[in-house]
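Please work through the following exercises with the sequence and the model open beside you, and try each task before you read its solution.

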Amino acid sequence: MKIALLPIPVCLGLAALTCGIVATAQQTPPLATAPVPPHLLSAKTVFISNAGADSGLFPHPFTGDPDRAYNAFYAGVVSWGRYQLVASPDQADLVFELQLMAPSGPSNADKSKGASDPLPMVRLVIYDRPTHYVLWALTESIAPADRQKTHDHNFDEAVANLVLDAGRLTKSLPSGMH
């Protein structure tokens, strides 16, 4: 019995080719991007609802009043120039419901197991006004801070990020704001 010996470079090449084929076969196909509800893209009119703010956030840790997030978000949506903002939900295609929340949760929890104290957050829920079904929801956490000025900066940043998130979702941002 005679065993044919292949040169080492040929063996290494065959091994690399085999490993490449096996690695390619084991990769999972990329997930398809789920569609955005078409009504988010075709709507013309929006009512922005102020769902309020949880207690204990004003005047500390944030300056201003409970309408601060609503006013900033409203101004951001106006800057898009995409939707006609209406004064009553019955005139709207979509309702953007904005809420500032301070969820309760673990306090001094064992962080080594993945638990953490919840942060205040701004949440936007987008409803189809005629059916009142939720079409989409977005949330931005407000980062913690030690100083009042930084608390206020983080608040403004979270609201601005929520405006950008909603603008990207609805393809409403003017060029240069993406």
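**Exercise 1: Ser-172**

In this predicted model, the side chain of Ser-172 makes a polar contact with the side chain of Thr-170, at 2.6 Å. Task: state where Ser-172 lies, decide whether Ser-172 is buried or exposed, and list its contacts beyond the neighbours within four places in sequence.

Solution. Begin with the position along the chain, where Ser-172 is found in the segment that follows α4. Next take the relative accessible area, which is 4% for Ser-172; because buried means under 20%, Ser-172 counts as buried. Finally, look for contacts while leaving aside the neighbours within four places in sequence, and you will find Trp-80, Arg-82, Tyr-83 and Gly-167 in contact with Ser-172.

**Exercise 2: The order of the elements**

Task: determine how many helices and how many strands the chain has, and in what order the elements run from the N terminus.

Solution. Counting the elements gives four helices and five strands. Following the chain from the N terminus on, you then read the order α-α-β-α-β-β-β-β-α.

**Exercise 3: Ser-49 and its surroundings**

Task: find the element that holds Ser-49, explain why Ser-49 counts as buried, and say which residues Ser-49 touches outside its neighbours within four places in sequence.

Solution. The first step is to locate Ser-49, whose place is in strand β1. The second step uses its relative accessibility of 18%, and Ser-49 counts as buried because this value is under the cut-off of 20%. The third step is to collect the contacts, which, with neighbours within four places left aside, are Tyr-70, Val-95, Phe-96, Glu-97 and Leu-98. For Leu-98 you can add a distance, since its C-alpha atom is separated by 6.1 Å from that of Ser-49, although the two residues are 49 residues apart along the chain.

**Exercise 4: Strand β4 and its partners**

Task: describe how β4 is joined to β3 and to β5, and give a residue that stands opposite Glu-97 and one that stands opposite Met-121.

Solution. Start with β3 and β4, which run antiparallel and are joined by eight bridges; here Glu-97 stands opposite Val-125 of β4. Then turn to β4 and β5, which are likewise antiparallel and joined by eight bridges, with Met-121 opposite Ser-141 of β5. The hairpin of β4 and β5 has four residues between the strands, and in this hairpin His-132 takes a positive phi near 60°. As a last step, consider how covered β4 is: seven of its eight residues are buried.

**Exercise 5: The nonpolar cores**

Task: identify the residues with the most contacts inside the largest nonpolar core, and say which element gives the most to this core.

Solution. The largest nonpolar core has 31 residues, and those with the most contacts inside it are Phe-73, Trp-80, Leu-94, Phe-96, Leu-124 and Phe-155. Going through the elements, you will see that β1, α3, β3, β4, β5 and α4 each supply at least two residues of this core, and that α4 gives the most, with seven residues. To follow one member outward, take Leu-124, which touches, among residues over four places away in sequence, Phe-73, Phe-96, Trp-136, Leu-138 and Leu-162, including these among others. A second, separate core has six residues, among them Val-86, Ala-92, Val-125 and Tyr-127.

Definitions and conventions. Residues numbered from 1 in each chain as written. Predicted model: local features only at pLDDT ≥ 70, side-chain atom pairs only at ≥ 80, totals over all residues. Heavy atoms only, no water. Core = buried A, V, L, I, M, F, W, Y, C linked by side-chain atoms within 4.5 Å. Buried < 20%, exposed > 50% of the residue type's maximum accessible area, 1.4 Å probe, protein only. Contact = heavy atoms within 4.5 Å. Polar contact = N/O pair within 3.5 Å; in protein donor to acceptor, adjacent residues only side chain to side chain. Pairing = 2+ DSSP bridges.
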